[in-house]
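Student: I should be grateful for a close look at one part of this structure, followed by an account of the empty spaces enclosed within the protein.

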Protein chains: 2
Amino acid sequence: MIGAVRRALRLQDVAEAAGVSLATASRSLSGSNGVSPALAARVRAVADELGYVANIHARSLAGGSTSSIGLVVHEIGDPYFTEIAAGVMDVGEQHGLMVQVRQTRRDPDHELAQIRALVANRVDGILIAGSGYVDPRAEQAVRRQLEAFRSAGGRVAVIGRHHLGVDAVLPDNIAGGRTIAEHLLELGHRRVAILAGSRGLTTIADRLAGIAEAVEAAGGAPEDWPVIEAAFTRQGGKDAALRLLDDRADVTAVIALNDDMAIGALSVLRASGVSVPGDMSVAGFDDIEVATDIAPSLTTVRLPMREMGELALSLALSAPAARPRRRTTGHQLMVRDSTAAPRSQAV
Amino acid sequence: MIGAVRRALRLQDVAEAAGVSLATASRSLSGSNGVSPALAARVRAVADELGYVANIHARSLAGGSTSSIGLVVHEIGDPYFTEIAAGVMDVGEQHGLMVQVRQTRRDPDHELAQIRALVANRVDGILIAGSGYVDPRAEQAVRRQLEAFRSAGGRVAVIGRHHLGVDAVLPDNIAGGRTIAEHLLELGHRRVAILAGSRGLTTIADRLAGIAEAVEAAGGAPEDWPVIEAAFTRQGGKDAALRLLDDRADVTAVIALNDDMAIGALSVLRASGVSVPGDMSVAGFDDIEVATDIAPSLTTVRLPMREMGELALSLALSAPAARPRRRTTGHQLMVRDSTAAPRSQAV
DNA sequence: ATGAAAGCGCTAACAC
DNA sequence: GTGTTAGCGCTTTCAT
C-alpha cells in the first residue's frame with residue numbers, strides 16, 4: 001500500500017504504470033479489440049493491482065449509455081414491489097443492465113424528484129411501478145418530464161394505470177376485484193367491508209370498481225359495502241380494522257385491497273378476540289409470498305408481480321412503438337384458510 | 001411541445017433560450033450568487049419550461065461531489081435491511097444526500113461488483129450493512145477496493161463485524177444470543193434446536209456464541225443444542241424446520257437466528273400439527289415489524305435496526321478518525337406468545 | 001453582474 | 001497494434 005492519495009486513480013495513472021498510452025489502456029479495459037491479448041492482460045493486471053475503477057461519469061459523458069435503468073416504486077420494503085423488482089432485475093441482468101431502485105413513499109413531489117434524479121443520471125430507461133393517480137393533473141409534471149426524457153431517446157414503461165402516454169403493463173385489478181367479491185358472495189356473505197388505500201390511486205379505484213361489478217351482478221347494492229379508507233400499508237390495515245370494530249358494522253367479511261392491509265387487519269381482529277374465519281372472513285389482494293405463511297393463511301387474489309416486472313422492462317427495451325402499448329396480466333384466486341361461509345349460514 | 005429531439009437538452013440550450021451565457025445559466029440554476037435575482041429567476045423558468053435536467057455525469061466530472069451515498073445490503077426485500085435503509089435515508093435526507101441501495105444476494109462476487117459500481121459512480125460514501133464473513137480472506141478483495149476508495153476521499157462505514165478496517169456499528173449479537181437462550185432456559189427448556197444461516201457469517205457465529213455462553217453458564221452443554229444450518233431466509237426456516245421434524249429430535253423449543261427463519265418455521269410447524277407454544281416454543285431474532293402481527297406473535301430479540309442505519313451514516317459522514325471507530329448497540333428481549341414453558345413442566 | 005475559456009476523465013475517431 | 005487528439009456537458013477561475 002502506498003500512502004494516501006488525494007484523488008481517485010485515473011486511467012492515465014494506469015496507462016503510465018503499465019507503460020502504454022491512454023487509448024491502449026482504455027481498449028484493454030473495455031475489452032475492445034485492436035490490442036494484443038498479452039498487452040491487454042498486462043494492463044488489466046496493473047489496473048487490478050492499483051484498485052482502479054473507471055469513473056462512470058467520464059465514461060458516460062464520453063461514450064454513450066450508462067447501461068442502467070431506474071425503477072420507481074412506492075415503498076422499497078413493500079413485498080409487492082420487491083417481487084416486481086426481482087422480475088425487473090432478472091431481465092436487466094440478461095441485458096447487462098444495472099437496475100437502481102428508488103422509492104417515492106407515495107409523495108408526488110418526492111416521486112418527481114426521484115424521476116428527475118434518474119434523468120440526471122442519464123439512465124437508459126425508467127420504469128414506474130407504483131399506482132397512477134385518478135386525477136390526471138396529479139401526473140402532469142411527471143408526464144412532461146418523461147416526455148422530455150423520451151424525446152432524448154430514453155425508454156419508459158409503467159406498471160399500472162397512469163395518464164402518462166407510455167407503454168404500460170396493466171395488472172388485472174378490475175377482474176381481480178370481481179373475483180374476490182364473487183368468492184365471498186358464493187360463500188354466502190352479503191355485507192362485506194372493504195379496507196382501501198387512498199381512492200385517489202387508480203389501483204384502488206379499479207379494485208373497488210371490480211368489486212362493485214360483482215355485487216351488482218349478484219343483485220346487491222355496492223353502497224351497502226362500506227369502504228374504509230386508510231393508508232395502503234399494514235398499519236393502515238390496522239387503523240381501518242379498528243374503525244370497523246368501532247362502528248360495529250354488521251359485516252361478516254372484510255376485503256383488504258392489498259395483503260399488507262389484510263395482515264394488519266388480521267392482527268387487530270385477533271387482538272380483539274374476533275376469530276377468523278369463524279366470526280369474520282378476511283381476504284387480501286396481490287398474494288405476496290408471506291400470505292401463505294401466516295395464520296390463518298390468507299385467501300387472496302394472485303397477481304403475477306414478478307412477470308409484471310419482467311414484462312415492463314421488456315416493453316421498455318423493445319423498439320419504441322408509434323402508440324403506447326398495453327399488456328394485461330391475468331390473476332388467480334387463491335383460496336386459503338382466512339375465508340369461510342358466514343356463521344349464521346354455516347350453522 | 002416541439003417535435004422529437006434526438007438528444008437530451010444541454011445547459012447550452014437553456015442558455016440560448018434565455019439569451020444568456022453558459023456561465024450565467026449555470027450560476028442561475030445552481031443558485032450561486034453573482035447573478036441578479038431577476039435574471040436567475042428567468043433562467044430557471046426557461047429551464048423548467050424546457051424540462052431541462054442537468055447531466056449529473058458532466059456535473060460531477062466538472063465540479064465535485066455527487067451528493068449521493070451507496071448502501072449495500074444482502075437482500076433488498078428483507079425487512080431487517082429495509083429498516084436499516086430507512087434510518088440511512090433519514091439521515092441522508094437531512095444532509096441532502098440521495099441514497100442508492102444495492103443488493104448482494106449474499107454472493108461475494110456480486111457484492112464486489114456492487115461496490116465497484118458504487119465506486120464507479122463516485123458516491124461520497126459507501127455503507128455495507130450485510131454480515132461480514134468469519135474468514136477474513138473472503139473479504140480481502142472488498143477490503144482492498146475500499147482502501148482505494150477511502151484513499152481517494154471516500155467515506156466508509158459498515159454495520160456488523162467485518163474485517164475491513166473501517167468504522168463499524170456493531171449489533172448486539174452475542175449478548176442478544178445470550179438473552180434469548182436465557183429466556184428459554186428460565187422457562188425450563190433444556191434442549192433447544194437452533195435454526196441458523198451459514199456459519200461463515202459473523203452474524204451467525206456471534207449469535208451462536210452468545211447462546212453457547214448462556215447454555216454453559218446454566219451448566220449445560222452447548223453441543224446438546226443441535227444447530228441446523230440453512231438459508232438465512234423464510235424458506236431456509238422452512239427447510240430447517242422440516243429437517244428438525246424429520247430427525248424427531250427431542251427438543252422442546254427452537255431459536256431461529258432471524259425472524260424471517262422463525263416465520264418460515266412457524267408455517268411448517270403449523271402445517272405439521274405442532275402447536276406453538278404448546279408443543280414447541282419458537283423464538284426469533286431482530287424483531288422485524290411483522291413479528292408482532294403474526295399468530296402466534298413472535299418472541300424475539302429486538303435490535304435497533306433503524307438507529308443502526310442512522311448511526312452508520314453519521315459515522316461515515318463525521319470527520320475521519322485515525323483508527324476505526326466502533327459503536328455498539330443495545331438489544332431488548334420481546335416476550336410474546338410464541339414461547340412458554342415446556343409441556344412436561346407446564347403440566 | 002456577466003461572459004470566455006480551461007479543464008474534469010473517458011471514448012472514439014483518426015493517424016501512424 | 002498502438003498512439004494522438006477532439007470532444008462529451010458541466011463548473012469555475014479569470015477577464016471584463
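Tutor: Helices (H or I, at least four residues) and strands (E, at least two) are DSSP runs, numbered from the N terminus. This is a predicted model, in which local features need pLDDT of at least 70 and side-chain atom pairs count only at pLDDT 80 or more, while totals for chains, interfaces and linings use all residues. Residues are numbered from 1 along each chain as its sequence is written, and chains are lettered from A in the order in which they are written.

The part chosen is Gly284(B), which sits in the loop joining strand E9 (281–283) to strand E10 (300–302) of chain B. With a relative accessibility of 0%, Gly284(B) counts as buried, a term that means under 20% relative accessible area with a 1.4 Å probe, protein chains only. Neighbours within four places in sequence aside, its contacts (heavy atoms within 4.5 Å) include Ile180(B), Ala256(B), Asn258(B), Asp259(B) and Ala262(B), as well as Leu298(B) and Val301(B).

The arrangement of the chains comes next. Chain B is superposed on chain A by a rotation of 180 degrees with 0.0 Å of shift along its axis, at an RMSD of 0.1 Å; the fit is by least squares on the C-alpha atoms of residues with pLDDT of at least 70 in both. This is the relation of a two-fold axis. In chain B, His57(B) has the C-alpha nearest the axis, 2.1 Å from it.

As to enclosed space, a cavity is a set of points on a 1 Å grid over the protein atoms alone where a 1.4 Å probe fits but cannot get out, and lining residues have an atom within 4 Å of a point. Grid points are joined across faces, edges and corners, and a volume is the space filled by probe spheres set on the points. The whole structure holds five cavities of 30 Å³ or more. The largest cavity has a volume of about 180 Å³. It is lined by 21 residues, and those closest to its centre are Tyr80(A), Phe81(A), Thr203(A), Phe232(A) and Asp286(A). H5(A) gives the most to this lining, with three residues.

The second largest cavity has a volume of about 150 Å³. Among its 18 lining residues, Tyr80(B), Phe81(B), Ser131(B), Thr203(B) and Phe232(B) lie nearest the centre. Helix H5 (79–94) and helix H9 (202–217) of chain B each supply at least two residues of that lining.

Definitions and conventions: Heavy atoms only, no water. Buried < 20%, exposed > 50% of the residue type's maximum accessible area, 1.4 Å probe, protein only. 1 Å grid on protein atoms, 1.4 Å probe; cavity = no way out; pocket = protein on both sides within 12 Å on 5 of 7 lines; lining within 4 Å.
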